[in-house]
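This report goes through selected features of one protein chain. The sequence and structure come first.

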Amino acid sequence: MLKNFRKSLPNSWTADDAVTGGQIGNLRSPAMWVELNLANPYTRTKVITEARRLIDTVSLPYFDLFKNPADVVARLLDGSMPWTWEASALEYVCCFGSMDQALQLLNRFINESPSRAAEYRDALLRYRSDGTPKVWDSRAPARLAKSAITLGLERGY
């Protein structure tokens, strides 16, 4: 469904059905960097055991959440769902939730940082006049502005 939804968009962040990605430590609470060094033959077995434990206790339960898209949408809205790419979260909510929920999420993303709203408005004005760039900006406000235009969520700003 997500892949077909993205095909209907003029400039989605990807054309496939990828949902989100990142390193496993970002799925923990609190998020932390996880490094698994398999090079040392003396600790390799212990590291593999830890990797399997993380997969069983962190990754697989995260994947299970996607069995119920409405729960994922609700958790994205309340901020309890780990996610690394705002554009895909907004696309997911538009696809499996509603436009009003996507607008709620967009506003939550915009208001996460004091300077983000002004930068978002600047990018939105620039994209309205110049068009959205083909590539995705590394800065969150610009990504949010491009997503808002692509998804028709730019009302309110």
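The sections below cover a helix, its surface patch, the salt bridges, the cysteines and one loop residue of this predicted model.

## Helix α2

Helix α2 covers residues 44–65. With 22 residues at 1.5 Å each, α2 should span 32 Å, and the 31 Å between its end C-alpha atoms agrees with this. There is nevertheless a bend of about 35° in α2, located at Ile-55.

One set of α2 residues is buried: Val-47, Ala-51, Leu-54, Val-58, Ser-59 and Tyr-62. Ile-55, at the bend, is partly exposed because its relative accessibility is 39%. Together with Leu-60 and Phe-63, Ile-55 makes a nonpolar surface patch of about 280 Å².

## Salt bridges

Side chains of opposite charge can pair when their charged atoms come close. The model has seven salt bridges. One of them joins Arg-53 and Glu-50, with an N to O distance of 2.8 Å. These two residues lie three positions apart in helix α2, so about one helical turn separates them. Both ends are partly exposed: Arg-53 has a relative accessibility of 37%, and Glu-50 has a relative accessible area of 28%.

A second pair is Arg-143 and Glu-86, whose closest N and O atoms are 2.8 Å apart. This salt bridge links distant parts of the chain, since Arg-143 belongs to helix α7 and Glu-86 to helix α4 (residues 86–96), 57 residues apart. Arg-143 is buried at 9% relative accessibility, and Glu-86 is buried with a relative accessible area of 11%. Arg-139 and Asp-137 form another salt bridge, with closest N and O atoms 2.5 Å apart; Arg-139 is partly exposed at 45% relative accessibility. Shared partners also join Arg-108, Glu-112 and Arg-116 into one network of salt bridges.

## Cysteines

A disulfide is a covalent bond between the sulfur atoms of two cysteines. Why is Cys-94 not bonded to Cys-95? The closest cysteine sulfur to that of Cys-94 is in Cys-95, 8.7 Å away, and this is too far for a bond; the cut-off is 2.5 Å. Cys-95 is likewise in no disulfide, and the count for the model is zero.

Both side chains fall in the buried class, which requires under 20% relative accessible area. Cys-94 has a relative accessibility of 9%, and Cys-95 has 17%.

## Val-135

Val-135 sits in the loop between α6 (116–130) and α7 (140–151). With a relative accessible area of 61%, Val-135 is exposed. Trp-13 is 122 residues away from Val-135 in sequence, yet their C-alpha atoms are 8.5 Å apart in space.

Conventions. Residues are numbered from 1 along each chain as its sequence is written. This is a predicted model: local features need pLDDT of at least 70, side-chain atom pairs count only at pLDDT 80 or more; totals for chains, interfaces and linings use all residues. Side-chain values use heavy atoms; hydrogens and water are left out. Patches are made of residues with over 30% relative accessible area and no salt bridge: like charges are joined within 9 Å, nonpolar side chains (Val, Leu, Ile, Met, Phe, Trp, Tyr) within 5 Å. Accessible areas come from the Shrake-Rupley method with a 1.4 Å probe; for residues, only the protein chains shown count as cover. A salt bridge is a side-chain nitrogen of Lys or Arg within 4 Å of a carboxyl oxygen of Asp or Glu. Helices (H or I, at least four residues) and strands (E, at least two) are DSSP runs, numbered from the N terminus. Buried means under 20% relative accessible area, exposed over 50%, partly exposed in between (1.4 Å probe, protein chains only). The expected span of a helix is 1.5 Å times one less than its number of residues. The bend at a residue is the angle between axes fitted to the seven residues ending there and the seven starting there.
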